[in-house]
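Thanks, everyone. Please have a look at the sequence and the model while I talk.

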Amino acid sequence: MRDRWNKWFGAGHRAVLRASGGRVGRRIGKAPILLLTTTGRRSGQARTVPLMYWSDGDRFAIVASNAGQDHAPAWYGNLLAQPAVEIELLGERMAATARTAS
């Protein structure tokens, strides 16, 4: 049930962020939000999810917590299989290469 809720909420959040050019929905409380686009490891199609992040200069950190569930989110498996991603922040899109922090 939680996976369905996350998918539904994520789709709505993504739509609001994109429609507003990143002005609406860019924070949940004080937490900043970005859109991460990965390539589906099975489908090969683009998959975009809104995620909380921390920034360090031009680097971004995200956590694959999956809302506390006992399995990693699908986007994490996607970026492990294909680390070339796209980040969308405040309506601006940029290419990036993901890696697991050590």
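This is a predicted model. I start with Tyr53. Buried or exposed? Tyr53 is buried, because its relative accessibility is 12% and the cut-off for buried is under 20%.

Now its partner. Tyr53 pairs with Phe60. The ring centres are 5.5 Å apart. The planes meet at 70°, and the pair is edge-to-face. Phe60 has a relative accessible area of 27%, so Phe60 is partly exposed. That makes this pair a buried tyrosine against a partly exposed phenylalanine.

How many aromatic pairs are there? Two, by the ring-centre rule. Tyr53 and Phe60 make one of them, edge-to-face. Next to it on my list are Trp75 and Tyr76. Here the centres lie 6.3 Å apart. The planes stand at 90°, so this pair is edge-to-face too. Trp75 is at 9% relative accessibility, and therefore counts as buried. Tyr76 comes out at 24%, so Tyr76 is partly exposed.

On to a polar residue, Asn66. Where is it? Asn66 sits in a loop. Strand 5, residues 59-61, comes on one side of that loop, and helix 2, residues 74-81, on the other. Asn66 is a loop residue, and it is buried, because its relative accessibility is 14%.

What does the side chain of Asn66 contact? One of its polar atoms lies 2.9 Å from the backbone oxygen of His71. So the cut-off of 3.5 Å for a polar contact is met.

That is my tour. Questions, please.

Definitions and conventions
Residues numbered from 1 in each chain as written. Predicted model: local features only at pLDDT ≥ 70, side-chain atom pairs only at ≥ 80, totals over all residues. Heavy atoms only, no water. Helix = DSSP H or I, 4+ residues; strand = E, 2+ residues; numbered from the N terminus. Buried < 20%, exposed > 50% of the residue type's maximum accessible area, 1.4 Å probe, protein only. Polar contact = N/O pair within 3.5 Å; in protein donor to acceptor, adjacent residues only side chain to side chain. Phe/Tyr/Trp six-rings, centres within 6.5 Å; stacked < 30°, edge-to-face > 60°.
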